[in-house]
Each structure stands twice: as C-alpha cells, then as structure tokens.
Amino acid sequence: MADANKVDIFVDALHEEGYRAKPYERDGTFHVESATSGYTILFSFASEGTIQMFCGIKRAEDSEISFESINDFNRKYRFAKMYLDDDRDLNSQADFFFDPSASTVKDNIRQILSLMDVTVSEMKVILANSSVNQA
C-alpha cells in the first residue's frame, strides 16, 4: 500500500473520531498534524509498518520542569517517552505499529488517539506542577 494511502486511511479515521487532520509531505516523509487539548500533535510515517507520534510543549521561561516528574511518567507509561529538549521544553514521542490493511485498523487508531490524549494530559500536569525559578 502506498504511503499516501496509509495517510488517507489515518486522516479519515481522525476525522471520524472528531479530530482535525492536516496531511503533508516533507523530504519524502508523510506527516499528519492534529491536535488535542489545544496542543499540536505530529504523526509521522517515516518507517514501514509504524507511525510515530510527537508533541512538544514550550515551558514558561520562568519555570523549571523536574526530571523526577518526567521519570515518573516514563516508568508509568512505557508506550511513550517524555524528555526535555535543548531548550528544556517538554517533549513526548511514541512509536506504534500501524498496518492500514488490518481489519482492526479503526480500533488501532482509536487506541493511538487514546494514548495521545493520556500523554498530553500528563504533559499538562507536569507543566502545571513545574516550579518557578528563583532569581
């Protein structure tokens, strides 16, 4: 199945579940941009048989995110990894098997979306609990 067809199946499923979906191609890789809870989510179809979910949330300049809260998330939710980027902003990434020809494709996508919602909810909690730097 051509990559574009995989993306079309994924986009249709996102729409059916009430999510927006903006497909595009960059450097030979297909992506779909969506959102949940006000945050942008990027899905990438970079390798055969998988889909990658990414969300990055910029922290407030005067806050500090604890590694303890990130490590707690990583222990509790093993399907995704949370980390701080070079700017110390909060990022999360997860990889899922994705076979658009499977008879369970719609259920599989619903599970991915559910995990996406859990991840972003946890990211919001971590950001809300981030400490304010003392100058």
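Is Lys-6 buried or exposed, and what is its relative accessibility? In this predicted model, Lys-6 has a relative accessibility of 6% and counts as buried.

**View 1. A salt bridge joins Glu-48 to Lys-6.** The closest N and O atoms of Glu-48 and Lys-6 are 2.9 Å apart. The pair links distant parts of the chain, since Glu-48 sits in the loop between strand S3 (39–45) and strand S4 (50–57), while Lys-6 belongs to helix H1 (residues 3–16), 42 residues apart. Glu-48 is exposed, with a relative accessible area of 65%, whereas Lys-6 counts as buried because its 6% relative accessibility falls under the 20% limit.

**View 2. The side chains of Glu-33 and Arg-20 meet in a salt bridge.** Here the distance from N to O is 3.9 Å. Glu-33 is part of strand S2 (residues 29–36) and Arg-20 is part of the loop between H1 and strand S1 (22–26), so the salt bridge ties together parts of the chain that are 13 residues apart in sequence. Glu-33 counts as partly exposed at 22% relative accessibility, and Arg-20 is likewise partly exposed, with a relative accessible area of 41%.

**View 3. Arg-110 and Asp-107 form a salt bridge within helix H3.** The closest N and O atoms of this pair are 2.6 Å apart. Both residues lie in H3 (residues 105–128), where a spacing of 3 residues amounts to about one turn of the helix. Arg-110 is partly exposed at 37% relative accessibility, and Asp-107 is also partly exposed, with a relative accessible area of 46%. The two residues do not stand alone, for Glu-17, Asp-107 and Arg-110 are linked in a network of salt bridges. Across the whole structure, a search finds 8 salt bridges.

**View 4. Helix H2 passes helix H3 in a right-handed crossing.** The axes of H2 (residues 67–76) and H3 come within 10 Å and cross at roughly 160°. Because angles over 145 degrees count as roughly antiparallel, H2 and H3 are described as roughly antiparallel to each other. On the H2 side, the contact is made by Ser-69, Ile-70, Phe-73 and Lys-76, and on the H3 side by Thr-119, Glu-122 and Ile-126. Sorted by character, the residues of this contact divide into 3 nonpolar, 2 polar and 2 charged.

Terms used:
Residues numbered from 1 in each chain as written. Predicted model: local features only at pLDDT ≥ 70, side-chain atom pairs only at ≥ 80, totals over all residues. Heavy atoms only, no water. Salt bridge = Lys/Arg side-chain N within 4 Å of Asp/Glu carboxyl O. Helix = DSSP H or I, 4+ residues; strand = E, 2+ residues; numbered from the N terminus. Buried < 20%, exposed > 50% of the residue type's maximum accessible area, 1.4 Å probe, protein only. Axes fitted to C-alpha atoms, helices over the stretch in contact; angles between N-to-C directions. Parallel < 35°, antiparallel > 145°, perpendicular 65-115°, else oblique. Left-handed = near helix turned anticlockwise from the far one by under 90°. Contact = heavy atoms within 4.5 Å. Nonpolar A, V, L, I, M, F, W, Y, C, P; charged D, E, K, R; others polar.
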